[in-house]
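Subject: Structure handover and findings

Hello,

I am passing this structure on to you, with notes on what turned up when it was examined. Please read the notes with the coordinates open.

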Amino acid sequence: VTAFAKENSTLGASHYPQWLKVEKRLRERLAQLINASCATDIALAKNTSEALSIIAYGLAWRAGDEIIISNEEFPSNRIVWESLRDQGVITRIVTLDPAHPEQSIVDALTPATRLVSLSSVQYASGRRMDLEALGTCLQARQIFFCVDAIQSLGALPFDVQTNHADFVVADGHKWMLGPEGIALLYVKPAVRDRLRLRQFGWHMVKHRGDYDRPDWDVADDATRFECGSPNMLGIHALEASLSLLQEIGIDQISIQVLDHTHYLRHQLATLPGIELLSPGTPTQLSGITSFRSHSVAPALLHAQLMARQVICACRGGGVRFSPHFYSSRATLDRALEHVRDILAKT
């Protein structure tokens, strides 16, 4: 990021062709990360919300169409769908059965269901969804499947071929270790033409760079969803972080992330008055461990931990820990010791 900013401020766009090579590598890395068939299926959005909006306002809806989401979704995966109510579209929020969360979604499907939008990992509880089972069911019923993968990409394996997602969205600033302002938007090629474009500009045309051409057509590939100039600084940053993740390997990273989760769960369970909020079923584990204290309010516990430089979040009625693969056991132990000390002083 520093090198790019220095180059940009001193040399301007002198090396723009090289920047385009970095952009191309980023699309290739993102395609590899989700196992997309081609890098040209990857669009670069500003954030998850923008990517979801491109989908929501690109599809053709009929009054009475249903969208199903879960009761555990982050607001970005709820508000955009609820905003379609003026078109007569109904957003149904399904309460997940902790033991069988995927079946909760399947049982809620009706002939009016047009799309299901779920997070691969729920942001507060850390519940990991069985996307393959859901995707297979939805594909058989010809229901669109949209996946918000922000809490799994970069930490856990993800395969768009086996989970049959029609759309995948994810900001780069979580587990992918990138900056804010750059996000993944994947649209399955077979449904690409079913998204009506709502944003237009010089970048999303087939003959990009032919500025004197009087006519235009939209690009055949996913760049049709990118109306204007890309976030080149964000592209350089995310490409660099993904190069690190892919050098190590997502499978190896996943092993380390889940090892942290097992360790945190075991240690937190030994503390008096601590209740684990994240599911303990092995297939539902992710990199998120959420818990609450019976003696210290979540907001207060979170504030005291942050004051001690324990970076965490207050989500879903508890405190969320989410260490990445590079966190050491000593780091986890220090965080746990701060929890123990705060509890002892209350």
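The notes below go through helices, the pocket, aromatic pairs, backbone angles and a few single residues. Please bear in mind that this is a predicted model.

Helices

Helix α2 covers residues 16-34, which makes 19 residues. From its first C-alpha to its last α2 reaches 28 Å, close to the 27 Å expected at 1.5 Å a residue. Its buried residues are W19, V22, E23, L26, R27, L30, A31, L33 and I34. Two charged types, E23 and R27, are therefore on that buried list along with the others. What covers these buried residues includes the helices α1 (2-11), α7 (160-163), α8 (232-248) and α9 (250-269), and the strands β1 (42-45) and β7. Just after the end of α2, N35 takes a positive phi of about 60°.

Helix α5 spans residues 101-108, and six of its eight residues are buried, so the rest of the structure largely encloses it. The six are P101, E102, S104, I105, V106 and A108. They pack against three strands and a helix: β2 (66-70), β3 (90-94), β4 (113-119) and α6 (131-140).

Largest pocket

Rolling a probe the size of a water molecule over the atoms shows where empty space is left. The largest pocket holds about 610 Å³ of space. Its lining is made up of 23 residues, and I311, C312, S322, P323 and S327 are the ones nearest its centre. By type, the lining divides into 13 nonpolar, seven polar and three charged residues. Strand β11 (318-321) and helix α11 (329-344) each supply at least two of the lining residues. The largest share, five residues, comes from α11.

Aromatic pairs

How many aromatic pairs does a search of the whole structure find? The search finds seven. One of them joins F74 and Y123 in an edge-to-face arrangement, with 5.0 Å centre to centre and 85° between the planes. F74 lies in the loop between β2 and α4 (76-82), while Y123 lies in the loop between β4 and α6, so the pair ties together parts that are 49 residues apart in sequence. The two partners are not equally covered: F74 counts as partly exposed, at 38% relative accessibility, whereas Y123 counts as buried, at 19%. The cut-off for buried is under 20%, so the 19% of Y123 falls on the buried side.

Ring pairs also link F4, Y16 and W19 into a cluster. W19 appeared above among the buried residues of α2.

Positive phi angles

Most residues other than glycine have a negative phi. Besides N35, two residues are listed here with a positive value. L177, which is not a glycine, has a phi of about 65°. L177 sits in the loop between β6 (167-171) and β7 (183-187), and its relative accessibility of 30% makes it partly exposed. Q309 also has a positive phi, near 65°, and is likewise a residue other than glycine. The loop that holds Q309 runs between α10 (298-307) and β10 (313-315). With a relative accessible area of 63%, Q309 is exposed.

Single residues

Is R192 buried or exposed? R192 is buried, at 9% relative accessibility. Its place is the loop between β7 and α8. Leaving aside residues up to four places away in sequence, R192 touches T40, D41, V187, D220, D221, A222, R224 and F225.

S243 belongs to helix α8 and counts as partly exposed, with 24% relative accessibility. S243 and K24 are 219 residues apart along the chain, and their C-alpha atoms are separated by 13 Å. K24 falls within the range of α2, residues 16-34.

D251 is in helix α9. At 57% relative accessibility, D251 counts as exposed. Its C-alpha atom is separated by 38 Å from that of S83, a residue 168 places away along the chain.

Regards

Notes:
Residues are numbered from 1 along each chain as its sequence is written. This is a predicted model: local features need pLDDT of at least 70, side-chain atom pairs count only at pLDDT 80 or more; totals for chains, interfaces and linings use all residues. Side-chain values use heavy atoms; hydrogens and water are left out. Helices (H or I, at least four residues) and strands (E, at least two) are DSSP runs, numbered from the N terminus. Buried means under 20% relative accessible area, exposed over 50%, partly exposed in between (1.4 Å probe, protein chains only). The expected span of a helix is 1.5 Å times one less than its number of residues. Contact means heavy atoms within 4.5 Å. On a 1 Å grid over the protein atoms alone, a cavity is a set of points where a 1.4 Å probe fits but cannot get out, and a pocket is an open set with protein on both sides within 12 Å along at least five of seven lines; lining residues have an atom within 4 Å of a point. Grid points are joined across faces, edges and corners, and a volume is the space filled by probe spheres set on the points. Rings of Phe, Tyr and Trp (its six-membered ring) pair if their centres lie within 6.5 Å; planes under 30 degrees apart count as stacked, over 60 as edge-to-face and the rest as tilted.
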